[in-house]
Amino acid sequence: MSDTQRGLSRRRFIQAGATLGGVIMMPNFASSVWAAGSDQPERQQINVGFIPLTDCAPLVMASVKGFDARYGIKLNLSKEASWAAVRDKLVYGELDAAHILYGMVYGLELGIAGKKQAMASLMTLNNNGQAITLSTDLLDKGVASLSDLPGYLRQQ
């Protein structure tokens, strides 16, 4: 059988695949084609609980600086009094997301100390706290604590 009798030859199939691959790789082509719907978020407002500690800073700054609006959502931050309050509001649907202790997500999933609840940990911003770490070069220059840093910076 000749190529014309077979319709699409192996060579033409490979050429067509390479052409399609090249078109998809073009800038902005893949992001402009959607199979079903738009790029709008599923929800425009997200209720997020947090405890006022230093590690809640990414949530607070995202809201204050308008990073949420850049993606078409509004973060409704809810300052909570305790980790238990955050947990309970997650379980009963008052919060969509939360700044929460690392182990609490697994505790909820397993039903430890409360109602068993399916949880999804979609993002971990940190694990077991945060710290401001100074280099050993600064230590060699006399900066041994955070209170030493302003004096050192004034000398520079």
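**Exercise 1. Which side chain meets that of Glu 80 in a salt bridge? Identify the partner and describe how far the two residues are covered.**

Solution. The model considered here is a predicted one.

Step 1. The side chain of Glu 80 forms a salt bridge with the side chain of Lys 89, at 3.0 Å from N to O.

Step 2. A residue counts as buried when its relative accessible area is under 20%. Glu 80 has a value of 7%, so Glu 80 is buried.

Step 3. Lys 89 has a relative accessible area of 24% and is partly exposed.

Step 4. As a general point, side chains of opposite charge can pair when their charged atoms come close.

**Exercise 2. Determine how many salt bridges the structure holds, and describe the remaining pairs.**

Solution.

Step 1. The total is 3 salt bridges.

Step 2. In one of them, the side chains of Asp 96 and Arg 43 meet at 2.7 Å, N to O. Asp 96 belongs to the loop between helix H6 (83–91) and E3, while Arg 43 belongs to the loop between helix H3 (29–32) and E1, so this pair ties together parts that are 53 residues apart in sequence.

Step 3. Both members of this pair can be classified by accessibility. Asp 96 is partly exposed at 31%, and Arg 43 is partly exposed at 42%.

Step 4. Another salt bridge joins the side chains of Arg 87 and Asp 88, at 3.1 Å from N to O. Arg 87 counts as partly exposed, with 22% relative accessibility; Asp 88 is partly exposed as well, with 33%.

**Exercise 3. State the order of the strands in the sheet, and explain why strands E2 and E3 each have one side without a neighbour there.**

Solution.

Step 1. The sheet is open, has 3 strands in the order E2-E1-E3, and its pairing is parallel.

Step 2. Strands E2 (74–79) and E3 (97–98) stand at the edges with a single partner strand each, so one side of each lacks a neighbour in the sheet.

Step 3. Strand E1, residues 45–50, is joined to E2 by 6 bridges. Ile 46 stands opposite Leu 75 in E2, and Phe 50 has Lys 79 in E2 as its bridge partner.

Step 4. E1 also pairs with E3 in the parallel sense, over 2 bridges. Here the bridge partner of Gly 49 is Ala 98 in E3.

Step 5. A helix can now be added to the picture. Helix H4, residues 57–64, lies across E1 and E2 and runs at about 135° to E2.

**Exercise 4. Place Tyr 106 in the structure and describe the surface patch to which Tyr 106 belongs.**

Solution.

Step 1. Tyr 106 is found in helix H7, which covers residues 102–110.

Step 2. With a relative accessible area of 44%, Tyr 106 is partly exposed.

Step 3. Tyr 106 forms a nonpolar surface patch with Tyr 102, Leu 110 and Ile 112; together they have about 440 Å² of accessible area.

**Exercise 5. Summarise the protein chain as a whole: its elements, its contacts and its surface.**

Solution.

Step 1. The protein chain has 9 helices and 3 strands. From the N terminus on, the elements follow the order α-α-α-β-α-α-β-α-β-α-α-α.

Step 2. Of the contacts with a separation of 6 or more, 50% are between residues 24 or more positions apart.

Step 3. Buried residues account for 17% of the 156 residues.

Step 4. The chain exposes about 12,000 Å², of which carbon and sulfur atoms supply 57%.

Technical notes
Residues are numbered from 1 along each chain as its sequence is written. This is a predicted model: local features need pLDDT of at least 70, side-chain atom pairs count only at pLDDT 80 or more; totals for chains, interfaces and linings use all residues. Side-chain values use heavy atoms; hydrogens and water are left out. Two strands pair if DSSP finds at least two bridges between them. Helices (H or I, at least four residues) and strands (E, at least two) are DSSP runs, numbered from the N terminus. Contact means heavy atoms within 4.5 Å. Axes are lines fitted to C-alpha atoms, for helices over the stretch in contact, and angles run from 0 to 180 degrees between N-to-C directions. Patches are made of residues with over 30% relative accessible area and no salt bridge: like charges are joined within 9 Å, nonpolar side chains (Val, Leu, Ile, Met, Phe, Trp, Tyr) within 5 Å. Accessible areas come from the Shrake-Rupley method with a 1.4 Å probe; for residues, only the protein chains shown count as cover. A salt bridge is a side-chain nitrogen of Lys or Arg within 4 Å of a carboxyl oxygen of Asp or Glu. Buried means under 20% relative accessible area, exposed over 50%, partly exposed in between (1.4 Å probe, protein chains only).
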